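Hi,

Here is the structure I promised to pass along. Have a look at it first, and then read my notes underneath.

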Amino acid sequence: MKIIETGPDPSDVYRPEQEKKTGFRNFESGDLLDRVCNVYKKMHTYQTYEFVKQKQREWSNCNHAHMTVMESLDALDQLVDQSDPDVDFPNSYHAYQTAEGIRRAHPDKDWFQLVGLLHDIGKILALWGEPQWSVVGDTFPVGCKFQNSIVFRDSSFSENVDDKDPRYNTLHGVYKPNCGLENVLMSWGHDEYMYQVMTFNKCPLPEEGLCMIRFHSFYPWHTHGDYMHLCNEKDQKMLPWVKEFNQFDLYTKSTDLPDVKSLKPYYQSLINKYCPGKLHW
């Protein structure tokens with residue numbers, strides 16, 4: 001897949017420093033904190049190297065459902081992400097909020113807008129029987145040392161067997177230096193699953209868009225700068241795009257919900273262009 005050589009257009013609206021001003025990603029207090037902590041405690045206990053390999057085998061063949069993108073997006077009307085400290089409304093609204101934010105800032109990049117719509121659809125796993133701790137939340141590599149920038153790192157990994165296993169608890173673990181993130185197993189969840197769906201169905205999104213989908217929840221990397229010792233030249237090129245996407249994923253969240261009915265025709269046209277018809281899930 002072709003890599004676009006130009007970097008992302010600057011946005012004057014969404015910048016990293018706004019996190020402090022707006023209070024997004026508050027993992028220290030708030031009405032939803034107990035719910036959030038519970039999800040991360042289970043995630044950080046059970047997401048191990050072997051667990052992830054098992055989930056890759058279980059889901060990567062995309063033989064669980066045959067449905068359109070819009071059908072899968074509509075299904076997220078039933079899902080509230082229990083790891084999110086910022087919102088308590090169905091995830092489908094967040095998809096349109098993200099896409100519309102990108103559309104305003106990048107009107108010339110329809111593939112980028114579509115990525116905003118698609119990025120969380122992998123959370124449909126939670127509607128197919130997967131517990132939320134193996135679907136939602138921030139992602140992190142397994143098979144190597146858990147870095148301190150992982151949310152709740154100090155309090156939630158005590159029962160993860162990999163944290164005490166010498167094969168997995170060193171800086172590089174099972175990986176070679178600068179092996180590239182495409183060769184690193186990430187904690188299992190909606191990012192990797194949706195990336196697998198896109199590639200399995202040969203949807204012609206540019207490499208930048210696929211990377212946004214695959215790593216948008218990898219906050220230790222794109223926000224905190226960790227795990228650079230595993231990155232290669234391609235990852236360094238993709239990082240500014242993932243950072244740009246993150247501004248819209250995070251800062252478009254609002255209780256002012258979009259008029260989905262009026263937006264659907266436009267986004268259906270993008271779906272028809274990049275991932276038409278029924279896909280294998």
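Helix 9 (207-215) and helix 11 (233-251) each put at least two residues into the lining of the second largest cavity. Helix 9 gives the largest share of that lining, with five residues. Keep in mind that this is a predicted model.

Some more on that cavity: its space comes to about 110 Å³, and the search of the whole structure turned up three cavities of 30 Å³ or more. The lining of the second largest cavity runs to 13 residues, and nearest its centre you'll find Glu-182, Glu-207, Cys-211, Phe-215 and Lys-234. Sorted by class, the lining has six nonpolar, five charged and two polar residues.

Cys-211 brings me to the cysteines. How many disulfides does the structure hold? Zero. A pair of cysteine sulfurs has to lie within 2.5 Å to count as one. For Cys-211, the closest cysteine sulfur belongs to Cys-231 and sits 9.4 Å away, so that is too far for a bond. Cys-211 is also buried, at 8% relative accessibility.

Cys-203 tells a similar story. Its closest cysteine sulfur is in Cys-275, and because the two sulfurs are 4.7 Å apart, they are too far from each other for a bond. Cys-203 is buried as well, with a relative accessible area of 2%.

If you open the model, I'd begin with Cys-211, as this residue is among those nearest the centre of the second largest cavity.

Cheers

Conventions: Residues are numbered from 1 along each chain as its sequence is written. This is a predicted model: local features need pLDDT of at least 70, side-chain atom pairs count only at pLDDT 80 or more; totals for chains, interfaces and linings use all residues. Side-chain values use heavy atoms; hydrogens and water are left out. Buried means under 20% relative accessible area, exposed over 50%, partly exposed in between (1.4 Å probe, protein chains only). On a 1 Å grid over the protein atoms alone, a cavity is a set of points where a 1.4 Å probe fits but cannot get out, and a pocket is an open set with protein on both sides within 12 Å along at least five of seven lines; lining residues have an atom within 4 Å of a point. Grid points are joined across faces, edges and corners, and a volume is the space filled by probe spheres set on the points. Helices (H or I, at least four residues) and strands (E, at least two) are DSSP runs, numbered from the N terminus. Ala, Val, Leu, Ile, Met, Phe, Trp, Tyr, Cys and Pro count as nonpolar, Asp, Glu, Lys and Arg as charged, and the others, Gly among them, as polar.
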